[in-house]
Amino acid sequence: MRKIYSLAFFSLVLFTTTHAQVTNDTLVLVYGKMLKASDSTPVAGNILYEKLPYYDDMGMAPTQVDGSYEIQLIKGKTYNFSVKKGGYKPYQQEVKVLGNQTHDIYIAEDVVELRKLENLIFARGSDRISSSSFMELNELATWLNANPSIVIQLEGHTDFAGNPDANMRLSEARVIAVQEYLIDQKVKKSRIFTKAFGGTQPITQDRSDEAKALNRRVEVRVIRR
């Protein structure tokens, strides 16, 4: 009988302690807006919140059209707020929850870096790179080797005159030629993607020789830093 009583008493103490622990976790409201860092315009998206250090309270909070959000969190705890949204740089910040409080989130646009290889010259109608282009390609290779985390995409364009299929094949052959040149300069192939556009994305619709030369180009797009 004594053993049964002791077990019942232990169970009561355990229940009381656990219940007290739960009720002592005071929920408060953290609210604010998710805004674009450049001009403070609202951004609609999702905010992931995770309680540190064990991630034992977590969830996803959507923002409204005006960027506003509300999350009930445990007072006195620290949470990690993070946002991943297309077109924006990943956002992450630790927030100490002291009580009902405002916390605005500013996310920065992920600006696409794109530049034309100005001195890249091919033989007419060919993918053979002129020797006068080597200096610029060597500079690009040196920059890539000095920044090993950067991944690029080479984008090939022709003018829009002539056969569209032939233009597409030519633009593809040219970006592959540039890719192979960079590989010869010790840049890893896995860091160089290629994409051919043919004559589908002209800079100008003018049909002068100068305009055609402007449309014939290879551009370097940084797709990951």
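These are short questions and replies about a predicted model.

Me: Why is Asn-167 called buried or exposed?
Reply: Asn-167 has a relative accessible area of 11%. Buried means under 20%, so Asn-167 counts as buried.

Me: What makes the link from the Asn-167 side chain to Ala-161 a polar contact?
Reply: The side chain reaches the backbone oxygen of Ala-161 at 2.9 Å. The cut-off is within 3.5 Å, so the distance fits. Asn-167 itself lies in helix H3.

Me: Why is the pair Glu-155 and Arg-221 called a salt bridge?
Reply: Their side chains meet at 2.6 Å, N to O. A salt bridge needs the nitrogen within 4 Å of a carboxyl oxygen, so this pair qualifies. Glu-155 is in strand S10 and Arg-221 in strand S12, 66 residues apart.

Me: How do you know which class of burial Glu-155 and Arg-221 fall in?
Reply: Glu-155 has 2% relative accessibility. That is under 20%, so Glu-155 is buried. Arg-221 has 23%. Partly exposed lies between 20% and 50%, so Arg-221 is partly exposed.

Me: What makes Asp-159 and Arg-216 a tie between parts of the chain?
Reply: Their side chains meet in a salt bridge at 2.8 Å, N to O. Asp-159 lies in the loop between S10 and H3, and Arg-216 in the loop between helix H4 and S12. The parts are 57 residues apart in sequence, so the pair ties them together.

Me: Why is Arg-216 called partly exposed?
Reply: Arg-216 has 35% relative accessibility. That falls between 20% and 50%, so the label fits.

Key:
Residues are numbered from 1 along each chain as its sequence is written. This is a predicted model: local features need pLDDT of at least 70, side-chain atom pairs count only at pLDDT 80 or more; totals for chains, interfaces and linings use all residues. Side-chain values use heavy atoms; hydrogens and water are left out. Helices (H or I, at least four residues) and strands (E, at least two) are DSSP runs, numbered from the N terminus. Buried means under 20% relative accessible area, exposed over 50%, partly exposed in between (1.4 Å probe, protein chains only). A polar contact is a pair of N or O atoms within 3.5 Å; within protein, one must be able to donate a hydrogen and the other to accept it, and residues adjacent in sequence count only if both atoms are side-chain atoms.
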